[in-house]
Structures are given as structure tokens and as C-alpha cells.
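Thanks for making the time this morning; I would like to walk through one structure with you, going from its charged pairs to its interior and then to a few individual residues. Please have the sequence and the structure open while I talk.

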Amino acid sequence: CRETIRKAVVEKFKTTFPYCQDITDFEELKDKIDYTNKTQREEANRLVNDIKIVDPAVGSGHFLVSALNEMIAIKADLNILSYRNGNRVLGYTISLDNDELIIQNQETDKLFEYTLNQNHNIIDDLQNLQETLFHEKQTIIENCLFGVDINPNSVKICRLRLWIELLKNAYYITHDFNRGLAELQTLPNIDINIKCG
């Protein structure tokens, strides 16, 4: 998954970005993107989001879940992963371990955990990263990942795995924790991309 998608990203940049025509591998691509330039960062994000991944025998969806997390890791490696307001995600290292995203605070080396503070209020930094990961995953699931399987149960399992992967980054949109009220972001319907056939 890693090899294939990173090669596809390199090819996409080679054919689309004029300043990337001479690159040969992913490491060279990292040096060509000016991640401090917001416009270039947005273009690079759009380009990665244009990649389509199809698993013609999707089974339980392991490959698509792996691809989802790999695409997030690619954006992090290219320094183009951005918050919803367009600012670049800083202060965190994002890597993969057994197809799972590992997010660590660069200062403390602590693993990222979406929690509330002692007063049961949202911590802005954690909220912003959780929202970013949710919406990045949602965009990739809805626009980049496709699967087909002859077994209808496999299709259901695949949809469920992708949905759970998105659920890992669900976030509070309204809250009054003192009164015990909280509402999580609604999860999208992803049935459209995973088909039985």
C-alpha cells in the first residue's frame, strides 16, 4: 500500500506541477513543495485528494483502511496537512505502525488523545487536530476510496471498518459538559463507494 500510493503521488506531482517534472522519488518530492506557501499547500492537498484507489476484491476492507491512513501520513510527510482554517498542522509527528496512525506531540512525545481539560471543557489544540483528522478522513473516504466484492457481507464489513476508522476522530460540535450535554459530529453515509458486484 505504502509503495503503490507514494509512487502514484510522485507521478501525479510530476505530471501536474511544473517544478516537480524532474523528481524520481518521494524524498525528492518533499524538497520541492514549499509548505510555507498556503496556496501551494492547498494545491498539493487537492492533488493528493485527486488520487483514486480501487480494491476490486475488497473483502474486509483492510487495504482501503491502510490506504486511508497512508494518505494522511503522506500529507504529514509532505508537510501539507492543514487545519480547517488553512494553517499547517504543527507540533505533531504523524506516522504509521501496523496501518494505524500514530500521532505524537513533538515536545512531550505523548500520544495524541482527544480529551477534555479538568473543567470538562474542550482543549482548542486537541479539538482542532481532531476536527482536521476527521474531515481529512471523510474527504478521502468519500472521494478517493472505492471497493467492490461479490460477497455482500464483505461489503458490509468493509463499510463498517471505514466508518469505525472515521469514528476514531469524531469530535464534539456542541457541548455543555456541566449539564451533561454533548453532541458528536454526524458521521456521513459511505455506502456509495463500496459496492457488491
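Let me begin with the charged side chains, where the structure holds 9 salt bridges, and let me say at once that what we are looking at is a predicted model, so that each value I quote is computed from that model.

One of these salt bridges pairs K32 with D22, with the closest N and O atoms 3.5 Å apart. Because K32 sits in helix α2 while D22 sits in the loop between α1 and α2, this pair ties together parts that are 10 residues apart in sequence. As for how open the two partners are, K32 counts as partly exposed, at 32% relative accessibility, whereas D22, at 52%, counts as exposed.

Another salt bridge joins the side chains of E136 and K75, at 2.5 Å from N to O, and here the pair links distant parts of the chain, since E136 belongs to helix α5 and K75 to helix α4, 61 residues apart. Are these two partners buried or exposed? E136 is buried, with a relative accessible area of 11%, and K75 is buried as well, because its relative accessibility is 0% and the cut-off for buried is under 20%.

It is worth staying with K75 for a moment and asking which residues it is in contact with once its neighbours within four places in sequence are left aside. The answer is N45, V48, N49, I80, L81 and E136, and of these, N45, V48 and N49 are among the buried residues of α3.

The last of the charged groups I want to show is a network of salt bridges that links E100, K137, E165 and K168. Within this group, the side chains of E165 and K168 meet at 3.0 Å, N to O; E165 counts as buried, at 5% relative accessibility, while K168, at 40%, counts as partly exposed.

Now let us turn to the interior. The largest nonpolar core has 49 residues, and the members that touch the most other members are V9, F13, L29, L145 and L162. Which elements supply at least two residues each to this core? They are the helices α1 (2-16), α2 (26-32), α3 (38-49), α4 (62-77), α5 (124-143) and α6 (152-167), together with the strands β2 (92-97) and β3 (100-105). The largest share, 8 residues, comes from α4.

Helix α3 deserves a closer look. At 1.5 Å a residue its 12 residues should span 16 Å, and the C-alpha atoms at its ends are indeed 16 Å apart, so the expected and the computed spans agree. The buried residues in α3 are Q40, R41, A44, N45, L47, V48 and N49, and what covers them includes α1, α2, α4 and α5. As background for reading that list, an α-helix has 3.6 residues a turn, so residues three or four places apart point the same way.

On the outside, L160, W163, I164 and L167 make a nonpolar surface patch of about 340 Å². L160, which lies in helix α6, counts as partly exposed, at 46% relative accessibility.

Next, a word about D55, which is in strand β1 (residues 53-55) and counts as buried, at 12% relative accessibility. Not counting residues up to four places away in sequence, D55 touches F63, L64, F146, G147 and V148. Its C-alpha atom is separated by 24 Å from that of A76, a residue 21 places away along the chain.

Finally, I would like to point out two backbone angles. Most residues other than glycine have a negative phi. N79, in the loop between α4 and β2, nevertheless has a positive phi, near 60 degrees, and this residue counts as partly exposed, at 29% relative accessibility. N98, in the loop between β2 and β3, also has a positive phi, of about 50 degrees, although it is not a glycine, and N98 is exposed, with a relative accessible area of 71%.

That is where I will stop, and I am glad to take questions.

Definitions and conventions
Residues numbered from 1 in each chain as written. Predicted model: local features only at pLDDT ≥ 70, side-chain atom pairs only at ≥ 80, totals over all residues. Heavy atoms only, no water. Core = buried A, V, L, I, M, F, W, Y, C linked by side-chain atoms within 4.5 Å. Buried < 20%, exposed > 50% of the residue type's maximum accessible area, 1.4 Å probe, protein only. Helix = DSSP H or I, 4+ residues; strand = E, 2+ residues; numbered from the N terminus. Patch = residues over 30% accessible without salt bridge, like charges linked within 9 Å, V, L, I, M, F, W, Y side chains within 5 Å. Areas by Shrake-Rupley, 256 points an atom, 1.4 Å probe, with all protein chains shown as cover. Salt bridge = Lys/Arg side-chain N within 4 Å of Asp/Glu carboxyl O. Expected span 1.5 Å × (residues − 1). Contact = heavy atoms within 4.5 Å.
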